[in-house]
Amino acid sequence: MEAQGVEGRKRGLSGSTLKIIAMITMLIDHIGAAVIERGFLFDRLHAEGMRLNFPMIRDNFSALSPALQQSLMADGVLRLIGRIAFPIFCFLLVEGFIHTRSKARYAGRLLVVALLSEIPFDYAIYGGENIWGHQNVLWTLLFGLLGLWAWEGARDLSRRHFKRDIGVLGFLAAVPFMVLAEFCHTDYGAFGVILIAILYIPLAGHVKKARLAQSLSGALCVAFEFTAPLAFVLTYFYNGRRGLDIKWLFYFFYPVHLAILYGIRVLFIT
């Protein structure tokens, strides 16, 4: 995500370092989802009279062949590692929103890459089935950005008319984008936009609520996947600096790595 360099500690992790970590863990996650799950497990489970339904698989794990058991365990490890990526991207989105020179251009870039990524995402992760039922994570980040933009507008309005920042009005202004993410079935849905909104609370100037926001973020991530809060160990060491100018790397990397994983699955597995 886009993050302008600011004065801060020299030691620690820059924005570009966090972004690279998030991209690597996302790639690991998608190897599990696109290659192991869709490429190997989907057909093998079907041959054994089962669907790619993890509660059902857990109940019948001992009855599976050793190869399937090993693949499932490998997939589980990859997906747990991958859960670190999304909270980091949310954190960097908030940083980018605070420091970007143009929120409109930032939103426009997310929109363009979300559109370009949709077909690779649908085929890599869901095998091209029910393509209207799942939208890629760029849409979640875009709705999160728009929610923060609405929050900022509500904050300015409350300062103008009530002479103070009424934080709850800002959060309420972001709620329609949470609903929109859920309605559109974006990756992580309303949960993703809520997490972005919560991470924005301390950066919006609500310093007294910062600790509560951090606790809520961790609790939400635990509810989603118990490894996800490890992302906040990394963001804790964020030094406030932009680091390398690699904002276009993520925009290029996201659709391309999905297309490559889909190609690997088609050529070598299925």
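Here are a few friendly notes on this predicted model, going from the whole chain to one helix pair and one surface patch.

1. Overall make-up. The protein chain contains 11 helices and 0 strands. Reading along the sequence, you will meet the pattern α-α-α-α-α-α-α-α-α-α-α.

2. Inside and outside. The chain has 270 residues, and 49% of them count as buried. About 13500 Å² is exposed, with carbon and sulfur atoms supplying 66% of that area.

3. Contacts along the sequence. Take the contacts between residues at least 6 apart in sequence: 76% of these join residues at least 24 apart.

4. A helix pair to look at. Helix H5 spans 103–126, and helix H11 covers residues 247–268. Their axes come within 8 Å and cross at roughly 10°. Angles under 35 degrees count as roughly parallel, so H5 and H11 are roughly parallel to each other.

5. Where the pair meets. On the H5 side, the residues involved include Tyr 106, Leu 110, Val 113, Phe 121 and Tyr 123. On the H11 side, Trp 248, Tyr 251, Pro 255, Leu 258 and Tyr 262 are among them.

6. A nonpolar patch. Ile 119, Tyr 123, Ile 131 and Trp 132 make a nonpolar surface patch of about 480 Å². Tyr 123 is worth finding on screen, as this H5 residue is also among those that meet H11.

7. Ile 131 in that patch. This residue is found in the loop between helix H5 and helix H6 (137–162). Is Ile 131 buried or partly exposed? Its relative accessibility is 31%, so Ile 131 counts as partly exposed.

Methods
Residues are numbered from 1 along each chain as its sequence is written. This is a predicted model: local features need pLDDT of at least 70, side-chain atom pairs count only at pLDDT 80 or more; totals for chains, interfaces and linings use all residues. Side-chain values use heavy atoms; hydrogens and water are left out. Patches are made of residues with over 30% relative accessible area and no salt bridge: like charges are joined within 9 Å, nonpolar side chains (Val, Leu, Ile, Met, Phe, Trp, Tyr) within 5 Å. Accessible areas come from the Shrake-Rupley method with a 1.4 Å probe; for residues, only the protein chains shown count as cover. A salt bridge is a side-chain nitrogen of Lys or Arg within 4 Å of a carboxyl oxygen of Asp or Glu. Helices (H or I, at least four residues) and strands (E, at least two) are DSSP runs, numbered from the N terminus. Buried means under 20% relative accessible area, exposed over 50%, partly exposed in between (1.4 Å probe, protein chains only). Contact means heavy atoms within 4.5 Å. Axes are lines fitted to C-alpha atoms, for helices over the stretch in contact, and angles run from 0 to 180 degrees between N-to-C directions. Angles under 35 degrees count as roughly parallel, over 145 as roughly antiparallel, 65 to 115 as roughly perpendicular and the rest as oblique.
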